[in-house]
Every structure is written in C-alpha cells, then in structure tokens.
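Here are my notes to go with the model, set out as numbered points. Keep the structure open while you read and look up each element as it comes along.

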Amino acid sequence: MRFGINILALVAISTSTSNAFVTPITRATRPVSASTALNDVSTEEIAEAIEIESEDEVVPEVLLPSPPAIADHAVPAISKHISPERIEKAIKPRPYPLFLAEKTASILDFSSVSAKEKPRLKTKEHLVVLGTGWGAAAFLKGIDTDKYDVTVISPRNHFVFTPMLAGASVGTVEYRSITRPIREINKKARYLEAAATDIDPKTNTISCISIVCEGNSCETGEFEVNYDRLLFAVGAQTTTFGTPGVEEYCNYLKQVGDAQLIKNAIVNCFEQAGLPNISDEKKEKELTFAIVGAGPTGIEFAAELLDFIEKDGPRFYPDLLPFVRVKIIEAAPDILRPFEDGMRKEAIRRLTRTITIDSLNLTIQPLEFLLNTQVSEVSEDYVYFKDGNKISYGSCLWAAGIGPLPITASIIEALEDTEQKNAQASARGRLAVDPWLRVIGGDGKIFSLGDCSCITTNPLAATAQVASQQGEFLAKLLSRDYLIDAKEETSSLLPPISVDPDQSKTLSEQIASFSMGESEIAAPFQYLDLGILAYTGSGTALAQVQVAPGDPTNETWKPVRLQITGKVGFDLWRTIYLLKQTSPKNVVLVTLDWIKTQLFGRDISIL
C-alpha cells in the first residue's frame, strides 16, 4: 500500500537544477532581444553588456496601483496566545503513512469544500511573484486569482523544463518543446518583463529595470511596483567559487540561451578540427570537452554528448571520432552524491563504456573521470588543477554548483535589522524562511521558496522537486482562509491560523490536522522525497525511487529506496519527464522530438 501511494505521486519527481532569475554575462555574440538581454546579464552589468540608448534622466514610474495594504480579514495584532509547545508540536514531521495519505488526497483534489462556500474579500490584495522557475510556475497554477491580484515580474517570460536542457544542448529535443509562456500558465496573472534590482520591505516597494530593444539598439526603463504580499522565487545562479577564467571561458547550463551556446560550441569544435592542415594534437585539443562538476547536470550532459558522438558522429564526422575526449572533473571522490553507491558505480560503468561503430570498424572509449581534482584556473586553452596538472580543451561546461543572486543578497541586507540576521547562520546566503515559507523578519508579507530560500528548521536540497512542492503548498496556503501575518500583542508573528476554526476543510487538511493533533494552526510545509533520476546514455537511466524515509535519530532505520537502472530506468525516466511537462502541447512536442531524433538524427546547424 505504501509503495502504491508513492508511485501515484511519482509524477512530482524531477532532477536537480533550479531557475535563475538573472544570470552572469554569457559568451554570446548573437543579436539580443529585450528578453534575452535581461535574462543573460546581471542587473549590475546591463549597461556594459548592451549598447543602450537612454535618456539622461530616468523617472521612476509606478506601473501598478497599490491596492489596500490590509485586506478585510488581516489583523495586525491579536490577543490570542499560542504556546511555544503547540508551535513546536505543529512543526514536527507528520507521520509518513498519514502524510502520504494527505499528499494523495491533495493530488486527487478530493475536496469537501465547494467554491460557493468560500468567503470572498471585498478587495483583492496585490501579490507580486518574482521569478518564473519551478516554484513560481507551481505557485501560479494553484493560486486563487479571485482572492489576489497577481503580478509576475521576471526577465524570462517562460518556464523552462530544466532537466531536459542537457538534451536540448545537443539537439535531442528542441528548445521550444521544453518551454511554456508564463502567460499560459496563469492567464489571469499580469506579467512584466523586467528584472528586480531592489526590494524595500519597509515601503513594500520593488524597484525594477526593463529593456526595450529595436533592432540592435536598446533602451532601459526603471519603474517601481508596490505589493501587499511578495513571493520571492528568483532561484540561484551558477557559482564559480571565485575561480579565475570561468566567467570568460566556460559555458553554463541554466537557461535556454546556455543550451544554444553549448550546441553551437560543440559543432564549432568539430568544424574547427576538420579544417585542413590541422595537426592530430590540435584536433584532440579542439575535440576535448571538459565538464566541471559530476552532479546530475554534468552527468546528464555528458550522457547526451556521448549519444551525439555515438549516433551522429559517424554520419557527420567519421574521421574525427578517434580524437574525441570527454573529461568529467569533480573535486569530490565520487559522482552523483544523492544516489546510492551501487547507482553511482552503474553510472560510471555506463559512461565509461566502450563505443563500437561497426560501419567504421572503430572502437573508442572517449570519457574519463578526473575525481578528487580541483580546478584552480581556466584559460582560453587550458583547465588548470590545484595539483599542478592541466588539460587542454575545446569547450568547457561549468556545472560545479549554485550560489545566491545579487538581488537575494540585497533583500537579506534590507532585513538586517530583523531576525533574518541571526537566521543567516544556517541559511548561508539564502533567504531564511519559517516552516510556512514566510521570510523571517518579513512580518508575514514576504514569502520565499526554491533555491533562493532555506527553511531554518529543516534545510532542504536546492532541487526542482523541492521548489515545485513548495510552490504547490504555498498556493494552497494563501488561497485558503488563514491569518498569515497575525501577531501577538508582543509583536511576535503567530503561525498561520484559521479565520474560523469551525470552517470546512479539504480532505488533505483534515488528514493534516489529525496528524498534528491541531485544528487551528495550518499544517507547515513537509517535503515528500519521491526520488531522483539521471540519464546515463545509450537508452539507459538511473531511477532511485523513495519508498519510505529513514529516521535521522536512528542510524539503523535507513530510507527504503527502489533502485532501477538500464532500459527499465530509461523507460521510467522518459515516462516521468513526459508526465511532468506543463501542458499537453509540450508532451506532444517532446515526444515528436524523440521520434524525429531516432529516425533522422540530430541537427548540427549553427544558428
């Protein structure tokens, strides 16, 4: 029974990677649109990255009227007291069998409350969402737009199915097949293509910058947006750990634009190596693909690249295949650390396999792991290691980790005189939130989820699966009738409490209340670890499915995980990725891309 319920919920599985709100300058030299300009550069570098024609004075413009700051039900301070013991009891993890039942009831939307019974406010609060990644997209699908006036602000006007960017970077799927316009996800939400540069929690104001491009010239515009409630879901950016040369010479894999750059770089390397009068040493240098980081992003990109070499290399570059090298560089002693040891070994075995190309009577083993190897510098031609060694390369992908965006550091600084300052001891640069995803020090007006946030009582990994579940949770919490920002007379923020303890509840809420032994306090966020996936190439994949969690307080009670590899793992990988697409159109497009690649191979046009 436990396994059956979990399999039903497997549609929520997705691999690591997160949504970036503004990324560092890429190595792109192509003409840029306004959306690309905002998405590909940080706000501090916009002026230097693009030729900007702007007025001498930019007058801040308030685009949106600010609705009443306090809705009909909001109470700034109440006399009710909730003891610390009740709060501590409420935030304890709910028993796993009951939590599975709660999640199943939520997935099935088996509600005991009809729309007619829901009380409506006379005025809507203005809710601003920063970001269009996994958490924001999940939130927008579920938020009640009859209760909130929703505005989305992001330089990227679409959601990206990030786990498939590795496939897009070699042409397995098309870019548009794994994206969906944010306006389609919630047609009642207003969207502004802009980047947030500053947030003032004291005045509930967001400062934004937009870019309008006509031809090759662009103009910037600045404006401010007021909010009653703010969802901060900007994600994170790839971190270089201060390694010299990374920003100048390496590619990242966080956005569609990154995948386009990588695909062009791969084809360029082959075309350069195919020029006349090129020595064998130069060919090997051009066809050495360095991948820094052996997490899911690096491993799945390597697997897709090997597929390109094995399937499409013989068609286009038969004479160059003996010179191809793929180097995966990892500072840790192992790869894919979220996976069990046996799964890691299977991944290494699959990726270091010997490739036999019968039509050319050729056998190659292109991939090599360089574990326990730390990068000290990257130059135009070499990757240098801290042990003194170096390797030459033609193209380098940096997938070594993520870090906070400047806007995240900015809002943390703005909350420095609140409890947020002390919470940074555990949040470490991410925005500290409580178990209900309310930003600590934000007075219940600011929420955060995904890679840019950290639940101080239970830090979670920065994955798409976590962000997506948090988005669903927060949408339901805000759509129901809870006092989100109620305070005691001592100015201490209370947990979200029911407006009317006797109001009707959904089935999932009833199960949660029973689990907590508490009917007045809203159930806090609890993460359901369904497992992780990783493609390992040549029609094989790893699928580690969580059947039952372990007990952190008991070393003998370890998690029960189902380990699936090979062709069966690949079938599960594809099935789940199709189920997780955000629209039927994306399901059809991805399926057709897979069929097209199987029948006709990948396209190598440089666009």
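1. In what sense do β28 and β29 pair, and over how many bridges? Their pairing is antiparallel, with five bridges between the two strands. If you want one pair to look for, find Q546, which sits opposite R561 in β29. Bear in mind throughout that this is a predicted model.

2. Now step back to the sheet these strands belong to. It is an open sheet of three strands, ordered β27-β28-β29, with antiparallel pairing. The edges are taken by β27 (531-537) and β29 (560-564), each of which pairs on one side only. On average, neighbouring strands here are turned by 15° against each other, ignoring direction. As a reminder from your lectures, strands of a sheet pair through backbone hydrogen bonds, either parallel or antiparallel.

3. Next, the other partner of β28. Strand β28 (residues 540-548) is joined to β27 by six bridges, and the two run antiparallel. Y535 has A541 in β28 as its bridge partner, while G531 stands opposite V545 of β28. Together β27 and β28 make a hairpin with two residues between them. Take a look at S538 in that turn, as its phi is positive, at about 55°.

4. Is β28 buried or exposed? Nine of its nine residues are buried, so the strand is largely enclosed by the rest of the structure. Helix α18 (residues 566-579) lies across β27, β28 and β29, and runs at about 75° to β28.

5. Helix α13 (residues 341-351) is worth a slow look too. Its buried residues are M343, R344, E346, A347, R350 and L351. Viewed down the axis of α13, they fall within an arc of 160°, so they line one face of the helix. And what covers them? The cover includes α12 (296-316) and β16 (367-370), along with our three strands β27, β28 and β29.

6. Let's move to another sheet. This open one has five strands in the order β6-β3-β2-β10-β23, and the pairing is parallel. At its edges stand β6 (190-193) and β23 (446-448); each has a single partner strand, so one side of each is left without a neighbour in the sheet. Neighbouring strands are turned by 20° against each other on average, direction ignored. Helix α6 (residues 134-142) packs on this sheet and touches β2, β3 (148-154) and β10, with its direction at about 150° to that of β2.

7. Here is one strand pair from that sheet to trace yourself. β2 (residues 125-130) pairs with β10 (residues 229-232) in the parallel sense, over four bridges. Within this pair, L127 has R229 in β10 as its bridge partner.

8. Last, the nonpolar cores. In soluble globular proteins, nonpolar side chains tend to be buried together. The largest nonpolar core in this model has 139 residues, and L130, F139, F301 and L474 have the most contacts inside it. Which residues does L474 touch, leaving out those up to four places away in sequence? They are F139, L231, W436, L437, F447 and L449. Apart from the largest core lies another, of 15 residues, including Y252, A290, V375 and W398.

Key:
Residues are numbered from 1 along each chain as its sequence is written. This is a predicted model: local features need pLDDT of at least 70, side-chain atom pairs count only at pLDDT 80 or more; totals for chains, interfaces and linings use all residues. Side-chain values use heavy atoms; hydrogens and water are left out. Two strands pair if DSSP finds at least two bridges between them. Axes are lines fitted to C-alpha atoms, for helices over the stretch in contact, and angles run from 0 to 180 degrees between N-to-C directions. Contact means heavy atoms within 4.5 Å. Buried means under 20% relative accessible area, exposed over 50%, partly exposed in between (1.4 Å probe, protein chains only). The arc is that of the directions from the helix axis to the C-beta atoms. A nonpolar core is a set of buried Ala, Val, Leu, Ile, Met, Phe, Trp, Tyr and Cys residues joined through side-chain atoms within 4.5 Å.
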